[in-house]
Amino acid sequence: MSAERRRKAEKIRHLLETEGDAVHENITHMNAERYDAIERFDDFEALREEARAIKEEAIADLPALVEQVRESVEANGGHLYVADDAADANEYITDVAESKDAETLVKSKSMTSEEIEMNDALEAAGVDVWETDLGEFVLQVADEGPSHLIGPSLHRSREDVAELFNEVFDPEEPFETAEELTAFARDYLGEKIHAADVGMTGANFVLADSGTITLVTNEGNARKTAVTPDTHVAVTGVEKILPSVEELQPFVELISKTATGQDISQYVSMFTPPVDSPTIDFENPDDPLGSGDGEREFHLVLIDNGRLDMREDDQLKETLYCIRCGACANSCGNFQHVGGHAFGGETYTGGIATGWEAGLRGEEAADEFNDLCTGCSRCVNACPVKIDIPWINTVVRDRLNGDATPSEFEFLVEGLTPDAEDSVDLQKRLFGNFGTLAELGSKTAPLSNWTAKLGPVRSLMDEYLGVSPERDLPQFQRETLAEWFAARRPRAPNADATRKVVLYPDAYTNYVLVERGKAAVRVLEALGAHVELASPIESGRAPLSQGMIDTASEQADAVAADLDPYLEAGFDVAVVEPSDLAAFRREYEYLLPEAAHDRLAENSYDVMEYVYGLLENGADGSTLAAPEEPVAYHSHCQQRTLGVEAYTEAVLEDHGFDVVTSDVECCGMAGSFGYKSEYYELSMDVGEDLYEEFADEGDRKLVASGTSCTEQMSDLFARDVTHPVELLDPGR
């Protein structure tokens with residue numbers, strides 16, 4: 001393994017060992033609450049659409065909204081400052097603190113203040129800063145950065161925090177319980193708030209027509225921080241502006257459900273500062289409130305720091321719709337195990353971190369963690385404003401590829417990589433051109449399979465290509481699916497066919513897992529469909545996963561051109577590999593003209609989804625193979641994000657199979673991700689959830705819909721894994 005890959009692997013291994021258990025336990029709980037809250041809420045999808053539309057319009061009108069906020073805040077007697085960058089913002093905030101002769105400043109949770117490293121700037125100016133959010137206070141005591149957008153210290157267990165507080169604060173009786181820790185922090189920080197000269201908050205939303213800021217929290221510290229000191233400074237990004245209170249409701253409803261699984265957060269505070277509440281004179285506690293001579297002062301600092309440039313970037317602009325709920329992180333299989341200290345940048349974590357870090361600091365800031373996004377798209381379904389986070393990650397990956405320096409070992413893959421990119425890391429170039437590699441491997445099988453098992457070959461692949469030596473490599477078949485199909489009897493159109501369908505042969509189905517392709521053909525024919533086989537052209541999913549958008553675009557064009565005559569002739573398209581179906585329905589939106597994408601997306605089906613449709617429309621299920629043994633079935637993540645996983649389960653159960661279905665969302669393999677040397681251990685750690693779920697199902701036949709799931713389960717269980725369509729194959 002190269003030095004850089006070894007460094008990454010060691011970092012991930014360390015975090016898995018030290019933080020992984022706490023991250024996994026906490027996020028598992030948050031996800032369970034989130035699923036329940038969304039299931040209880042009938043208007044979830046409608047509100048997502050509404051919120052998305054509001055954010056699109058607000059970001060489009062952002063310059064005008066900034067000026068409207070200025071007028072509103074100043075009309076209330078407050079001050080508004082639009083900071084160009086972090087240094088500009090920190091200079092203004094420091095000047096405010098110095099104008100008040102401030103010795104201490106207390107603040108509630110604010111990712112924007114983390115972004116601009118405001119605490120460091122204030123402390124350099126001689127101001128003591130205290131975090132009053134419990135999680136942020138833990139990090140301040142530990143001198144750590146946040147690991148999650150809303151749960152900054154979720155990588156720490158209660159035992160960790162107790163040990164930390166006992167060491168730092170040396171209480172008379174050691175802290176043990178969560179209640180003891182919380183009570184101590186409340187009293188300790190209450191004194192800091194009491195004595196503070198300036199209070200600082202963030203702002204989840206800013207209303208342009210009134211200057212009102214909205215804080216959505218689960219702790220009362222934000223309210224206290226805002227109104228106890230006479231001076232309140234609110235710091236937030238310009239993207240947080242909404243036109244008015246009428247647009248606020250969808251976001252208040254959504255943020256609590258997607259962030260923490262609550263029907264509504266414990267505190268939704270709306271301030272139209274300077275607030276009318278009387279100032280507090282702690283020096284004279286017996287005097288009535290407001291009897292002193294103090295006056296309230298309010299400053300709203302809106303941060304640009306690259307956001308207005310992001311607004312002009314068609315690919316990164318969607319990042320500005322983010323409401324910082326953390327659902328993208330919680331829904332991500334990799335994040336669930338390793339947390340934000342691996343899957344994140346200087347400030348932002350999770351799937352959306354790539355957009356934020358690249359937009360605010362440049363693409364290079366996302367280079368370290370960008371590959372941890374595997375493009376499964378679960379985060380798109382979880383995001384309350386429907387941001388296509390995987391596409392943002394793909395775009396940034398593509399831009400990083402373009403900046404890469406050509407490798408001196410380019411000759412190792414030369415001739416195997418007819419891609420459209422000028423400069424790509426060797427590992428990405430290899431995995432992004434799997435179809436070409438598979439074609440060569442098939443033509444030279446079984447020699448290619450034998451050669452790939454040799455120890456020296458695997459060592460070279462590990463060192464220069466980053467292919468994990470622990471993984472079994474694909475076994476290429478000498479006879480491809482296309483060759484098998486062409487060698488069958490001459491085929492005239494079936495006059496009695498109920499449907500006409502063209503089967504799309506992905507690279508694995510055509511060159512490696514050929515039997516599942518044969519089974520798909522026989523099952524569809526047994527159900528009365530006339531079947532044709534499309535040309536074995538790569539869908540573009542492999543290069544997309546490596547950020548090779550030009551190559552993916554060329555392949556998408558070729559696939560669309562090959563399938564267009566079939567669509568014109570009234571054929572449906574059946575797809576065996578779920579990630580290719582996801583490409584047709586989702587990613588091709590970015591790669592093809594709108595009409596071509598819509599046509600292909602509307603007429604493409606998961607093969608088991610298509611089987612379900614045939615059976616529901618009168619096809620004779622008795623022509624299919626009868627059940628022989630109980631099965632344990634795991635559906636591919638792309639099936640779940642597309643909402644088609646239920647069709648496989650329905651077909652198997654209706655056909656009489658005894659089926660146990662996995663609830664685990666991710667097997668951990670994620671296409672080429674699990675093959676990469678630096679990510680092998682993380683991949684297997686994610687897969688452990690699936691192993692534990694099926695560990696007691698040893699007598700059941702293992703079944704999986706996706707190639708990556710098949711490979712991961714084969715490694716986890718050391719057993720053969722079958723595609724569900726093979727269970728129905730009348731020719732087996």
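**Cavities, sheet and a buried methionine in a predicted model**

The largest cavity has a lining of 20 residues, and those nearest its centre are Cys332, Cys373, Thr374, Gly375 and Cys376. This is a predicted model, in which local features need pLDDT of at least 70 and side-chain atom pairs count only at pLDDT 80 or more, while totals for chains, interfaces and linings use all residues. Residues are numbered from 1 along each chain as its sequence is written, and side-chain values use heavy atoms, with hydrogens and water left out.

**Cavities**

- A cavity is a set of points, on a 1 Å grid over the protein atoms alone, where a 1.4 Å probe fits but cannot get out; lining residues have an atom within 4 Å of a point.
- The structure contains 6 cavities of 30 Å³ or more, a volume being the space filled by probe spheres set on the grid points.
- The largest cavity holds about 140 Å³ of space, and its lining comprises 11 nonpolar, 8 polar and 1 charged residues.
- In this classification Ala, Val, Leu, Ile, Met, Phe, Trp, Tyr, Cys and Pro count as nonpolar, Asp, Glu, Lys and Arg as charged, and the others, Gly among them, as polar.
- The volume of the second largest cavity is about 80 Å³.
- This second largest cavity is lined by 14 residues, of which Cys322, Cys325, Cys328, Cys383 and Pro384 are the closest to its centre.
- The lining of the second largest cavity consists of 12 nonpolar, 1 polar and 1 charged residues.

**Sheet**

- Six strands (DSSP runs of E, at least two residues, numbered from the N terminus) form an open sheet in the order β1-β10-β7-β4-β2-β3, with parallel pairing.
- The edges are β1 (79-83) and β3 (128-131); each has a single partner strand, so one side of each lacks a neighbour in the sheet.
- From one strand to the next, the twist averages 20 degrees, with axes fitted to C-alpha atoms and angles running from 0 to 180 degrees between N-to-C directions.
- Strands pair if DSSP finds at least two bridges between them; β2 (residues 104-107) and β4 (residues 198-201) are parallel over 3 bridges, with Leu105 opposite Val198 in β4.
- Strands β2 and β3 also run parallel, joined by 4 bridges, and Thr104 stands opposite Asp128 in β3.

**Met461**

- Met461 lies in helix α22 (residues 455-465), a helix being a DSSP run of H or I of at least four residues.
- Met461 counts as buried (under 20% relative accessible area, 1.4 Å probe, protein chains only) because its relative accessibility is 17%.
- Leaving aside residues up to four places away in sequence, Met461 touches Gly466, Val467 and Leu473, contact meaning heavy atoms within 4.5 Å.

Note on methods: On a 1 Å grid over the protein atoms alone, a cavity is a set of points where a 1.4 Å probe fits but cannot get out, and a pocket is an open set with protein on both sides within 12 Å along at least five of seven lines; lining residues have an atom within 4 Å of a point. Buried means under 20% relative accessible area, exposed over 50%, partly exposed in between (1.4 Å probe, protein chains only).
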